Amino acid sequence: MTEVTDGRRLKGERRRRAIVDAALRVVAREGVGAVSHRNVAREAGVPPASIAYYFDGIDDLLVASLLDGCEALVEQIAAVRAEVTDNAQWPRAIAELLVRMITEHRERTIGEYELYLLAARRPALRPAARRWLDLIRGNINDGDDGDDPVISAFIAGIDGLLIQALIADEPPSADDLEPVLRFLMHPYDHLGVPSP
């Protein structure tokens, strides 16, 4: 009986995952206004009733999609962290991550940013959007010794770089982004003043 239960649970997890991924694709392609039970079900290849079975409503589905983006971000940061052996490598490593986000994962990045901005209008999404920020903060300096205004400025800089890159006719390269990130991470080096 356990095998049958585990098989059903696995099938249910795969179906839920397909629905969350489909919702993000619909958001990226057509905007949040196009997210409906019918459109997401069509995109996921599941019956429309499946949406109501797994999610309490559209906002619940959008929250799940945004939280899924948080988990993907954690995995991406962990992969970058594993590659970096010296603090001087961080600007290049982050530049390469951002380039992957705007080229290889462009659709997903657009969908996640649209949901992130939607949190300004839909309070149900705000905790998920704040979770995103908390995850980033927790991964800077391993969550220790962070100067909150500096970390806030860094996160705002990353958001700005991604949004500008998404609307650019020609996406920037890692070579384009690295000097900006180097400045965001080490501004005193560029300003010619001693570090505090």
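**Group meeting talk: a walk through an all-helix model**

Okay, let's start with one residue: Ser50 is buried, since its relative accessible area is 6% and buried means under 20%. Before I go on, please remember that this is a predicted model. Where does Ser50 lie? You'll find Ser50 in helix H3, which covers residues 48-54. And which residues does Ser50 touch, if we skip those up to four places away in sequence? They are Arg15 and Ile19.

Now let's zoom out. How many helices and how many strands does the protein chain have? There are ten helices and zero strands, so if you read along the sequence, the pattern goes α-α-α-α-α-α-α-α-α-α. The protein chain has 196 residues, and 38% of them are buried. Here's another number for the whole chain: take the contacts between residues at least 6 apart in sequence, and 66% of those join residues at least 24 apart.

For an example of parts of the chain meeting up, look at Arg92. Arg92 sits in helix H5, residues 90-102. Is Arg92 buried, exposed or partly exposed? Its relative accessible area is 27%, and partly exposed means between 20% and 50%, so Arg92 is partly exposed. Leave aside the neighbours within four places in sequence, and Arg92 is in contact with Ala174, Asp175 and Glu178. Then there's Pro179: along the chain, Arg92 and Pro179 are 87 residues apart, but their C-alpha atoms are separated by 8.5 Å.

Next stop, helix H6. This one runs over residues 106-118, so you get 13 residues. From the first C-alpha to the last, H6 reaches 18 Å, close to the 18 Å expected at 1.5 Å a residue. Which residues of H6 are buried? Those are Thr109, Gly111, Glu112, Tyr113, Leu115, Tyr116 and Leu118. Hang on to Tyr113 and Tyr116, please; you'll hear those names again.

On to the aromatic rings. A pair of aromatic rings is described by the distance of the centres and the angle of the planes. How many aromatic pairs are there, counting centres within 6.5 Å? The count comes to three. In one of them, Tyr53 and Tyr54 have ring centres 4.8 Å apart and planes at 85 degrees, and because over 60 counts as edge-to-face, that's what we call this pair. Tyr53 is exposed, with a relative accessible area of 66%, while Tyr54 is partly exposed at 23%.

Then we have Tyr116 and Trp132. Their ring centres are 5.9 Å apart and the planes are at 50 degrees, so this pair is tilted. Why does this pair tie parts of the chain together? Because Tyr116 lies in helix H6 and Trp132 in helix H7, and those parts are 16 residues apart in sequence. Both Tyr116 and Trp132 are buried. Tyr113 comes back here too: ring pairs link Tyr113, Tyr116 and Trp132 into a cluster.

Last bit: H7 and its partner H8. Helix H7 is residues 126-139 and helix H8 is residues 148-167. Their axes come within 11 Å and cross at roughly 115 degrees, and H7 passes H8 in a right-handed crossing. Which residues meet there? From H7 we have Leu133, Ile136 and Arg137, and from H8 there are Asp148, Ile151, Ser152 and Ile155. Sorted by class, this contact has four nonpolar, one polar and two charged residues.

That's my tour, thanks for listening!

Terms used: Residues numbered from 1 in each chain as written. Predicted model: local features only at pLDDT ≥ 70, side-chain atom pairs only at ≥ 80, totals over all residues. Heavy atoms only, no water. Helix = DSSP H or I, 4+ residues; strand = E, 2+ residues; numbered from the N terminus. Expected span 1.5 Å × (residues − 1). Buried < 20%, exposed > 50% of the residue type's maximum accessible area, 1.4 Å probe, protein only. Axes fitted to C-alpha atoms, helices over the stretch in contact; angles between N-to-C directions. Left-handed = near helix turned anticlockwise from the far one by under 90°. Contact = heavy atoms within 4.5 Å. Nonpolar A, V, L, I, M, F, W, Y, C, P; charged D, E, K, R; others polar. Phe/Tyr/Trp six-rings, centres within 6.5 Å; stacked < 30°, edge-to-face > 60°.
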